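Visitor: I have a structure open on my screen and I'd like to learn how to read it. Could you walk me through a few features?

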Amino acid sequence: MQQLVRAGARAWLRPRGCRGLNALAEEAVQPAEKPEPLASAGPQAPVLRRCELPVPLHRRPVQAWVESLRGYEQERVGLTELHPDVFSTAPRLDILHQVAIWQKNFKRISYAKTKTRAEVRGGGRKPWQQKGSGRARHGSIRSPIWRGGGVAHGPRGPTSYYYMLPMKVRVQGLKVALTVKLAQDDLHIVDSLELPTADPQYLMDLARYRRWGDSVLFVDLEHEDMPQNVVAATSGLKTFNLVPAIGLNVHSMLKHQTLVLTLPTVAFLEEKLLWHDSRYTPLYPFRLPYQDFP
Amino acid sequence: MAATMFRYVLRGWSIGVPPGCGLRRLSQTQGTSDYPRFLESVDEYRFVERLLPPTSIPKPPKHEHYPTPCGWQPPRDPPPNLPYFVRRSRMHNIPVYKDITHGNRQMTVIRKVEGDIWVSGWIGQGPILTSGMKGQEPL
């Protein structure tokens, strides 16, 4: 496991044009899902997908196996290439932390409110005269040092913790999360989410057989096109969740142990996440019409 | 007083006829019977569409001679055979910037560096880029 993380880090650190470093190490550096060499007698796995968007000249696409959910054993149906700027970018854990904390806090409104000494009922009159009574001097019975008095520096009214991280930081967070999932062997690409049965037990047994972990996040492209079987199976399970591609977020990716993407989802994510690398700064919000967007 | 006003209004406008009917009847006696017609057309939206700005940055055009009059040079193709690589910014420029802190500390910042900047064969030096030997072979 540690070797794979180190291998993934090394794969990112060494660009294509490196020299003087042994090619064998470079071969070993690719993720463990590299296909058999051509000399072997087994049938060649067809490459199901290449990167549509241009890859930088000094980097090569990362490769991953394509699996299938139709049978237990169908773990290497094909091979896909993944764009290095999305699936093999710098492992910026600080950006992951920023985005995860932002996701947790920006929706928060704390409704805690306490009464100050001015709002507590009563306490307008001086309880006893300033001098002569022998007791400490006080101005009101509702001051903070009194029992039953107001709170001095308590929470004041509904407080909003809303803030927005820059769009590019949130996009980079998604890219880093996908990179980290792939580098740690927690990312599985599937040709489509079609199941033979709608039984939730089938999904659990499949995940246990393939050692995916306790929680799996399935990501399909559109909400309307999700197959009925997988919708029924995941609705019956608590730790196996199904989201459309627009619902992918850093917190969900970190919360679930495994991430399962379909091939159309991978294309969609690459296109949307790479668009931010070569766009102008917005003159007005992107929800208003532009010449070539959306 | 109010009752006479009420009876006067009733005489002018019979019950069940919407108000303004009497006015319409007056205009009808003058000849034109319809409201002016109008035609919806979406073709003129092209005058708006050509004003909308683009979102994606275009690739720089090919010139005959480099560097261009402003001093711009495209990145070398194929990339140089070095252990590190410095990407261009999204506007296709070199990502070298000046920074100043505390009023007197001037720094040069090189962003978007990828690869091995701490070249292991370069003993005793800092990163290869800071020693001024950018692009040259390490010893």
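**Reading the interface and some buried residues**

Guide: Let's start where the chains meet: between chain A and chain B the count is one salt bridge. Keep in mind that this is a predicted model.

Visitor: Which residues form the salt bridge, and how far apart are the closest N and O atoms?

Guide: A:Asp85 pairs with B:Arg87, and the closest N and O atoms are 2.7 Å apart. As for polar contacts, ten residue pairs are found across the interface of chain A and chain B, with both residues at pLDDT 80 or more. On the side of chain A that touches chain B, the residues split into 13 nonpolar, five polar and seven charged.

Visitor: How do I read the area buried between chain A and chain B?

Guide: The general idea is that interface size is often quoted as the accessible area lost when the parts come together. Here, chain A and chain B bury about 2,100 Å² between them, and carbon and sulfur atoms give 52% of that. In terms of contacts, 25 residues of chain A meet 22 residues of chain B.

Visitor: Let's try single residues. Is A:His276 buried or exposed?

Guide: The cut-off for buried is under 20% relative accessible area. A:His276 counts as buried because its relative accessibility is 11%. You'll find A:His276 in the segment after α9 (263–275) of chain A. Not counting residues up to four places away in sequence, A:His276 touches A:Met167, A:Val171 and, over in the other chain, B:Arg90.

Visitor: And where does A:Ser192 lie?

Guide: Look at the loop of chain A between β6 (187–190) and α6 (200–209). A:Ser192 has a relative accessible area of 18%, so this residue is buried too. Its side chain makes a polar contact with the side chain of A:Arg70, at 3.5 Å. Setting aside neighbours within four places in sequence, A:Ser192 is in contact with A:Leu69, A:Arg70 and A:Thr262.

Visitor: What about A:Val230: which helix holds it?

Guide: That's α7 of chain A, residues 228–235. A:Val230 is at 0% relative accessible area, so it is buried. Beyond its neighbours within four places in sequence, A:Val230 contacts A:Leu193, A:Leu195 and A:Leu242.

Visitor: How far apart are A:Val230 and A:Glu194, in sequence and in space?

Guide: Along the sequence, 36 residues separate A:Val230 from A:Glu194, while their C-alpha atoms are 6.7 Å apart in space.

How values were computed. Residues are numbered from 1 along each chain as its sequence is written. Chains are lettered from A and ligands numbered from 1 in the order in which they are written. This is a predicted model: local features need pLDDT of at least 70, side-chain atom pairs count only at pLDDT 80 or more; totals for chains, interfaces and linings use all residues. Side-chain values use heavy atoms; hydrogens and water are left out. Helices (H or I, at least four residues) and strands (E, at least two) are DSSP runs, numbered from the N terminus. Buried means under 20% relative accessible area, exposed over 50%, partly exposed in between (1.4 Å probe, protein chains only). A polar contact is a pair of N or O atoms within 3.5 Å; within protein, one must be able to donate a hydrogen and the other to accept it, and residues adjacent in sequence count only if both atoms are side-chain atoms. Contact means heavy atoms within 4.5 Å. Buried area is the accessible area (1.4 Å probe) that two parts lose on being put together, summed over both. A salt bridge is a side-chain nitrogen of Lys or Arg within 4 Å of a carboxyl oxygen of Asp or Glu. Ala, Val, Leu, Ile, Met, Phe, Trp, Tyr, Cys and Pro count as nonpolar, Asp, Glu, Lys and Arg as charged, and the others, Gly among them, as polar.
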